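Hi,

Here is the structure I said I would pass on. Have a look at it first, and then read my notes underneath.

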Amino acid sequence: MEYILKTNDLVKRYGRYEALNGLTMNVPKGSIYGLVGKNGAGKTTLIRLICGLQNPTSGEYSIYGVSNKQKEIIQSRHRMGAVVETPAIYLDMTAEDNLKVQHCVLGLPSFDEIPHILKMVGLENTGKKKARNFSLGMRQRLGIAVAIVGSPDFLVLDEPTNGLDPQGIVEMREIILKLNRQHGITILISSHILDEMARLATHFGFIDNGQMIEEISASELNAACRKCIHVSVSNIKALSKVLDDIGLEYTIFPNNEADIFGELNVTELVLKLSAENCDVKSLYERDESLENYYINLLGGISND
């Protein structure tokens, strides 16, 4: 398999704080790679390193097979586009003028591709409207438009749906899928919104405390996400006691709810809960969600 980005044992320290702790990852060519982790897990730090905004403390990475320790890494980064933390746009300029500035920065001789780029991100009808008067979703899309000037084949997006309303999230999703499927751009997306990642990513990297916990393809993840019984009860402590006695794996959620994994005898469960003065309010089968998979991967939630 060909990889656009590979990192090997990356470490980044800020004083005594270790933002990345030996992180190794592989982003396949043509993929939408979802870098999934809670806030503070090290996602943005990783992105800042591969974009050349900071240097690693130790370890290395390669883009298109070129190591960050080689001077040719600068040429490799020219094949990248990125939106890191907030879109790099000029608020007092129109969308078109923002793209013209980026063309000049990159030394591109023609503005001919600008109408096409604006149409790709749904900003072709903004005319003379200044970016400061754009909605958050429009600014995010303009940030992507700036990032794809020069036709990069690798796009890095840091939390692209942060703060967007449901319509903005849908629009962003459609743009990302279009760039990947119709234009063949490999995309690395960092996010802590797991449900949205499940709709987009072809590959996942689960990161926590600066370490890669697991890399897995979407097809492998779908196979690994087990079916479970979701139950709502009147006493979650009684449910925990009964399930521990039976020897079943489970995950506790708020509001006296839980997912139960493995072969479950429903009649036995109900009778044992009744003996503990615990009522079953609802019970149904469902597939394990990406969120549940991630929680279990990190060791689950305490049952105390």
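Below is what I found, going from the charged pairs to the cysteines, a histidine and a surface patch. Please keep in mind that this is a predicted model.

**Salt bridges**

Side chains of opposite charge can pair when their charged atoms come close. The count here comes to 12 salt bridges, and I'll walk you through some of them.

Start with Glu2 and Lys29, whose closest N and O atoms are 3.9 Å apart. Glu2 lies in the segment before strand 1 (3–14), while Lys29 is in the loop between strand 2 (17–28) and strand 3 (32–36), so this salt bridge ties together parts that are 27 residues apart in sequence. Lys29 counts as exposed, at 54% relative accessibility.

Next come Arg48 and Glu85, which meet in a salt bridge at 3.1 Å, N to O. Arg48 belongs to helix 1 (residues 43–50) and Glu85 to the loop between strand 6 (80–83) and helix 3 (95–106), so here the linked parts are 37 residues apart in sequence. Both ends are partly exposed: Arg48 has a relative accessibility of 23%, and Glu85 has 49%.

Then there is Arg173 with Glu196, where the closest N and O atoms are 2.8 Å apart. This pair links distant parts of the chain, with Arg173 in helix 6 (residues 166–181) and Glu196 in helix 7 (residues 194–200), 23 residues apart. Are these two buried or exposed? Arg173 counts as buried at 17% relative accessibility, and Glu196 counts as buried at 5%.

There is also a network of salt bridges, which links Lys241, Asp245 and Glu276.

**Cysteines**

How many disulfides does the structure hold? The number is 0. Take Cys278: the closest cysteine sulfur to its own is in Cys228, 18 Å away, and that is too far for a bond, because a disulfide needs the two sulfur atoms within 2.5 Å. Cys278 is buried, with a relative accessible area of 3%. Cys104, on the other hand, counts as exposed, at 53% relative accessibility.

**His230**

If you are browsing the model, stop at His230, which sits in strand 11 (residues 227–233). His230 counts as buried, at 5% relative accessibility. Its side chain makes a polar contact with the side chain of Glu257, at 2.9 Å. Which residues does His230 touch, not counting those up to four places away in sequence? They are Phe253, Glu257, Ala258, Asp259, Ser282, Leu283, Tyr284 and Arg286. So Glu257 turns up both as a polar contact and among the residues that His230 touches.

**A nonpolar patch**

Leu283, one of the residues touched by His230, also has a part at the surface. Together with Val266 and Val270, Leu283 makes a nonpolar surface patch of about 180 Å². Val266 is found in helix 10 (residues 266–275). Val266 is partly exposed, with a relative accessible area of 36%, so it clears the cut-off of over 30% that applies to residues in a patch.

If you want a place to begin in the viewer, try His230 with Glu257, then go on to Leu283 and the patch that it makes with Val266 and Val270.

Cheers

How values were computed:
Residues are numbered from 1 along each chain as its sequence is written. This is a predicted model: local features need pLDDT of at least 70, side-chain atom pairs count only at pLDDT 80 or more; totals for chains, interfaces and linings use all residues. Side-chain values use heavy atoms; hydrogens and water are left out. Patches are made of residues with over 30% relative accessible area and no salt bridge: like charges are joined within 9 Å, nonpolar side chains (Val, Leu, Ile, Met, Phe, Trp, Tyr) within 5 Å. Accessible areas come from the Shrake-Rupley method with a 1.4 Å probe; for residues, only the protein chains shown count as cover. A salt bridge is a side-chain nitrogen of Lys or Arg within 4 Å of a carboxyl oxygen of Asp or Glu. Helices (H or I, at least four residues) and strands (E, at least two) are DSSP runs, numbered from the N terminus. Buried means under 20% relative accessible area, exposed over 50%, partly exposed in between (1.4 Å probe, protein chains only). A polar contact is a pair of N or O atoms within 3.5 Å; within protein, one must be able to donate a hydrogen and the other to accept it, and residues adjacent in sequence count only if both atoms are side-chain atoms. Contact means heavy atoms within 4.5 Å.
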